[in-house]
Structure formats: structure tokens, C-alpha cells
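Open the model in your viewer and keep the sequence panel in sight. The tour goes from one selection to the next.

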Amino acid sequence: MSLLARNLLGSLCRATHIRSFHVDSVRDEPAPYPGVSSDFTKELRFIIPEEVPKIPIYRVLNGQGKVLDPSGDPGFDQDELTEMYRYMVRTSVMDRILYQSQRQGRISFYMTNFGEEAIQIGSARALKFKDVVFPQYREAGVFLWRGYTPLECMHQCFGTARDFGKGKQMPVHYSGAKANIQTVSSPLGTQIPQAAGHAYALKQTDKDVCVVCYFGEGAASEGDAHAAMNMAAVLDCPVLFFCRNNGYAISTSTKDQYRGDGIASRGIGYGMPAVRFDGNDLFAVYNATKAARKLAVEEQRPVILEAMTYRVGHHSTSDDSTAYRSVDEVNYWDTVDTPINRIRSYLTDKGWWSESHEKEFRSTTRTEILRAFKEAETTKLPNPLLMFDDAWDTLPLNLQDQKQELIDHLKRHPDHYPLDKCEDLE
């Protein structure tokens with residue numbers, strides 16, 4: 001059928017609401033074509049997206065922290081749940097301190113996690129430590145849960161000599177070997193095919209482990225996402241594609257990103273299980289991630305998870321979100337339906353948390369993080385010659401020449417560089 005004919009047929013269907021045409025000649029046996037496993041039909045039918053039921057959003061807690069169905073309550077005891085809550089608050093407090101420090105010019109850049117704390121702590125709690133994490137850049141809570149300390153975060157954001165990455169990355173680009181998390185990288189979506197490949201490698205040696213790849217709905221529009229998901233589905237890679245659908249890809253809202261039913265609906269096309277859940281509901285995040293991990297490991301196949309949430313902060317300190325969304329919209333998600341408020345209400349109803357607990361914990365946490373901040377801020381920067389390390393086993397001759405040229409230059413002009421703030425040149 002020509003392109004013109006197809007267009008005319010589509011226009012006819014839309015104008016008359018006709019959805020199918022009957023064809024008289026048809027075989028009754030299954031279609032022999034290798035591309036699909038469908039049966040033949042006498043009916044010519046177009047699948048109209050608007051007529052397909054939307055994927056529901058699974059939740060356990062409502063906006064006031066009340067359990068909707070007792071069977072969905074994970075049953076955490078007081079110690080377990082208060083620990084998770086503390087990590088959510090700790091992430092938020094650290095965010096506020098580092099965001100303010102960037103505005104004061106003390107660090108160069110920052111990206112907050114406001115509004116997405118339940119996604120990070122709930123999913124991290126549902127995983128096993130040996131599961132490998134491929135982060136995007138809004139997973140600070142996952143780093144903290146897996147053993148990264150606020151002090152190590154501070155050293156990375158300041159790029160000090162005690163930064164695991166030796167000051168070679170932008171702030172919030174944490175290096176997480178100790179936490180079994182791959183290093184954060186700036187290019188959008190590159191971690192998605194890497195995660196699929198890593199999962200394929202792991203399944204050759206360990207059947208009780210999976211890979212978790214975090215990304216936003218904006219990154220899901222990258223070509224890398226399609227290649228990764230198709231590869232993972234075809235090769236049965238045990239990887240969780242964890243999408244944080246927070247409403248905005250920098251300044252581009254979801255209505256300008258895709259026409260279909262979000263990200264979870266794409267699982268059908270790729271041939272993988274998918275689930276959508278309330279990302280502001282700690283219990284829903286935990287339950288969905290735990291079940292998805294079980295499915296991925298036991299069946300050795302990929303799963304798409306779509307956590308519905310809202311990015312309360314600016315995309316980064318380089319963004320001004322007031323240019324594309326209203327203050328009232330942000331205030332609602334910042335003060336009314338927040339993941340921290342929701343789980344705090346649950347804890348309070350249980351008698352496991354109180355205003356005095358809240359005040360004391362926030363005070364001690366702020367003191368702890370400010371102490372780490374001051375320590376990192378006064379730590380020396382790396383030896384600038386370290387920029388030549390870690391890429392080559394044996395430094396090529398041209399880089400050896402450049403390194404020596406830099407040494408000679410710094411010795412000739414020491415007053416033009418803040419070498420007193422760096423570790424000694426050797």
C-alpha cells in the first residue's frame with residue numbers, strides 16, 4: 001500500500017470512527033512468518049492508543065500516609081522503618097546544604113533529589129548489595145544507603161584529594177566502587193546500554209544477581225534506551241530498567257516528550273514485564289522493586305519499572321525552573337504530597353515517631369553534615385599531575401611530554417596558580 005493510500009485510510013478511520021474492515025480470504029492456521037507468533041484474522045483492525053486501557057499506578061499509602069490495603073504493607077518493624085526514614089531525611093538535609101553552598105559560590109555545581117527520596121531509599125532497600133547499580137545523577141540516597149558517607153559526598157563535590165575520583169569529575173558524579181555502584185557520568189542515557197551489557201555478562205556466572213539502571217523519562221527518549229531495552233529483552237538480561245518519571249526533562253515537560261502511555265507501556269513492545277507505581281510511596285517503591293528483582297533473577301529477563309513522582313528542585317543549579325512551571329505547582333509537591341511527609345505520617349500513627357524525634361534528628365543530622373562540609377572544604381585539592389593518571393597502564397610518550405611540560409610550566413609560574421591549595425607536586 002502506498003504512503004498516500006495509508007494516509008487516506010487513516011483519515012477515513014478517524015473521521016468515521018471505523019476501526020476495522022473485513023477480509024474474505026483467510027487461512028485458519030497460525031501465521032508461519034518468523035517475525036511474530038500471531039494468528040491470522042479476517043478482520044483488518046488498527047490498534048488505537050486512546051482506546052487501550054492506561055497502565056494503573058500501584059500504591060500502598062495514600063497521600064496522608066494511610067494504608068489502602070493491609071496486604072500491601074511490607075511489615076517493617078520500628079527499627080527498620082525509622083532507619084529508612086532517617087536516610088530519606090539525611091539525603092534531603094545534605095541536598096539543602098550543598099545546594100545553598102553552590103549558591104554561595106563554594107562549589108561549582110549541584111543537583112538535588114528533593115521529592116524523590118522514597119524512590120531512592122525504597123528501591124535501595126529492596127536490592128541485595130551484590131546487585132550492580134548503574135545510576136544517572138539523582139540517586140544520592142542510593143549511594144548513602146549502600147555505605148557512601150556524607151563526608152565522601154562532600155569530598156567529591158569539592159573535588160578534594162580525598163575524592164575517590166581525584167577531582168576529575170563534576171560535583172554529584174560520585175564514584176561508588178565501595179557501594180557497588182558504577183560511576184555517575186554526564187552524557188545522558190549512556191548508562192542504559194552499559195547496564196544491559198553488564199547484566200548479560202553477569203548471567204553467565206551468577207544466577208542470583210541483577211543489574212539496576214536508573215534514568216529519567218527524558219533519558220528514555222535517547223536512542224541508547226531503545227538499543228539497551230531491545231538488547232536486554234532479546235538476550236534475556238536480568239536488568240531492572242528503573243525510570244524516575246518526575247514530570248520534566250530539564251525544561252521539557254512530559255506532554256512534549258512522548259505521546260504514549262508513559263514509559264512502562266513500552267515494555268509490551270520490547271517483550272518485557274513492566275510495572276508503574278507511586279514513586280512518592282515508600283512501600284509501593286519497595287514492593288515493586290522487590291518483586292521486579294525476584295522476577296528478573298528467577299526468570300533471567302529484564303523488567304521496566306516506572307516510578308511516578310515530581311522533581312521538586314530545579315533540574316540543577318544551572319537551571320531556573322520558574323521559567324517553565326508555576327510556583328504554586330512546585331509548592332504543592334514540596335509541602336503537601338511529599339514522600340517524607342507521607343511516611344512520617346505513617347510512623348507517627350504507629351507511635352514510632354514524634355515531633356521531638358523529628359526536631360532532634362534533623363538538628364543532629366545538620367550538625368553532622370556541616371561538620372563533613374567544613375572538613376572537605378578545608379581539605380587540599382589533588383596534585384594537578386594526577387590528571388594524567390588512570391587512563392593508560394603505561395603513559396604514552398606524547399602524554400609523558402605533556403606532563404613534563406606542565407611540571408616545568410608550574411615551576412616557572414607558581415604564583416599564577418593556587419598550588420598552595422593542592423597536594424605537593426612530585
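Which residue in β5 does Gly216 stand opposite? Select Gly216 and look across to the neighbouring strand: the residue facing Gly216 is Arg244. Keep in mind throughout that this is a predicted model.

**The strands around that pair**

Now select residues 211-216, which make up strand β4, and residues 239-245, which make up strand β5. These two strands run parallel and are joined by 6 bridges.

Widen the selection to the whole sheet. It is an open sheet of 5 strands, paired in parallel, and the order across it is β3-β4-β5-β9-β8. At its edges are β3, residues 132-134, and β8, residues 274-278; each of these pairs on one side only. Turn the sheet to look along it: from one strand to the next, the twist averages 20 degrees.

**Helix α2**

Next, select residues 78-103, which form helix α2. How far apart are its end C-alpha atoms? They are 38 Å apart, and this agrees with the expected span, because 26 residues at 1.5 Å a residue should also give 38 Å.

Go to the start of α2 and show side chains. There, a side-chain oxygen of Asp77 comes within 3.2 Å of the backbone nitrogen of Asp79. Then move to the other end: just after α2, Gly105 has a positive phi of about 80 degrees.

**Trp145**

Select Trp145, which lies in helix α4, residues 140-145. Is Trp145 buried or exposed? Its relative accessibility is 18%, so it counts as buried, the cut-off for buried being under 20%.

To see what surrounds it, show the residues that Trp145 touches, leaving out those up to four places away in sequence: Glu83, Met84, Tyr87, Ile121, Ala124 and Arg125. Glu83, Met84 and Tyr87 are among these contacts, and they fall within the range 78-103 of helix α2.

For a sense of distance, add Gln404 to the selection. Trp145 and Gln404 are 259 residues apart in sequence, and their C-alpha atoms are 42 Å apart in space.

**The whole protein**

Finally, clear the selection and zoom out. The protein has 13 helices and 9 strands. Along the principal axes, its C-alpha atoms fill a box of roughly 90 × 65 × 50 Å. There are 426 residues, and 46% of them count as buried. The accessible surface is about 21700 Å², with 53% of it belonging to carbon and sulfur atoms. Of the contacts between residues at least 6 apart in sequence, 72% join residues at least 24 apart.

How values were computed. Residues are numbered from 1 along each chain as its sequence is written. This is a predicted model: local features need pLDDT of at least 70, side-chain atom pairs count only at pLDDT 80 or more; totals for chains, interfaces and linings use all residues. Side-chain values use heavy atoms; hydrogens and water are left out. Two strands pair if DSSP finds at least two bridges between them. Helices (H or I, at least four residues) and strands (E, at least two) are DSSP runs, numbered from the N terminus. Axes are lines fitted to C-alpha atoms, for helices over the stretch in contact, and angles run from 0 to 180 degrees between N-to-C directions. Buried means under 20% relative accessible area, exposed over 50%, partly exposed in between (1.4 Å probe, protein chains only). Contact means heavy atoms within 4.5 Å. The expected span of a helix is 1.5 Å times one less than its number of residues. A polar contact is a pair of N or O atoms within 3.5 Å; within protein, one must be able to donate a hydrogen and the other to accept it, and residues adjacent in sequence count only if both atoms are side-chain atoms. Accessible areas come from the Shrake-Rupley method with a 1.4 Å probe; for residues, only the protein chains shown count as cover.
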